[in-house]
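Visitor: Hey, can you walk me through this one? I'm new to reading structures.
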Amino acid sequence: GLRDGQQIPALAVDPHNPDRVFAAVLGHPYGANTQRGIFRSTDGGRTWKKVLYVDKNTGGDDVAIDPANPNLVYATLWEARQAPWEDHNAYGGADGGIFKSTDGGDSWHKLTSGLPKDVVHAYVAIAPSRPSRLFATVAVNLDGDYQTGKGLGIYRSDDEGKTWFRVTTDPRPAFRIGGGDLPVPRVDPKDPDVVYSTSIETWKSSDGGKTWTAIRGAPGGDDYQNIWINPDHPKIILLVADQGALVTVNGGKTWSSWYNQPTAQLYHVI
């Protein structure tokens, strides 16, 4: 199993074989450990094999399987450890990045063409209706200071990750406060030009990431953390934020309330 992984931020299940699963294992938050990286199971999660590993300080943070070709797997690694005091990414560096496997996870290579030199943190999303198109939110190494929004960007690839380009100069859809708190991108299941980003507000682009419109937020920032889009009915979207969960059934025109459930994100317990 993955008993010493402690943090597992992402899972990817093969759409053609539910026994084949990848896990992005981030590892211990406050110390080094070797159960980090990308792990693969071929027996429905009963046993796991480490297939992508850099070192004891660099863990797996995201993983995605190409829905048309499950031998193509994308993953991100993040060199990150917290300090005993509250300081985002107190121990970190650029030993992570975005990786790709073309043989089902047996071997991997780092994707670099068109991406910044020192990628510290990244999330990847595949366009289900056009799997050759990928989006990535990316943070570069600026001495751990992301609070100005500098060094954050949204990148796109149209050739299965071989080459990338920064798709927009608008800093807002990639912006978060604090290192490591990177927006999660998601692509509409039926339209490869429609992409969402869970920044302080939730942003939507309808032209492949070039221009963006906020579809959910507040003047002080609601701080969204993740997004799920219904694969059969893309206007049904679930958002999770610090305050709770929200659902829209009309593509973001109106939303449910987060005051109807006792959910929240907890930061401190003493």
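Guide: Sure, let's start with Gln-6: at 53% relative accessibility, Gln-6 counts as exposed, because exposed means over 50% relative accessible area, buried under 20%, and partly exposed in between (1.4 Å probe, protein chains only).

Visitor: Before we go on, what kind of model is this?
Guide: This is a predicted model, where local features need pLDDT of at least 70, side-chain atom pairs count only at pLDDT 80 or more, and totals for chains, interfaces and linings use all residues. Residues are numbered from 1 along each chain as its sequence is written, and side-chain values use heavy atoms, with hydrogens and water left out.

Visitor: Okay, back to Gln-6. Where does Gln-6 lie?
Guide: In the segment before strand S1 (10-13). Strands here are DSSP E runs of at least two residues, numbered from the N terminus. Gln-6 also has a positive phi, near 65°, and isn't a glycine.

Visitor: What about Glu-160, what's its phi?
Guide: Near 60°, again a positive value in a residue other than glycine. Glu-160 sits in the loop between strand S12 (152-157) and strand S13 (165-166), and at 25% relative accessibility Glu-160 counts as partly exposed.

Visitor: New topic: which strands form the open sheet?
Guide: Four of them, in the order S10-S11-S12-S13, with antiparallel pairing. Two strands pair if DSSP finds at least two bridges between them. The edges are strand S10 (119-126) and S13, each pairing on one side only.

Visitor: How many bridges join S11 and S12?
Guide: Six, with strand S11 covering residues 134-140. As for a specific pair, Ala-136 has Tyr-155 in S12 as its bridge partner.

Terms used: Helices (H or I, at least four residues) and strands (E, at least two) are DSSP runs, numbered from the N terminus.
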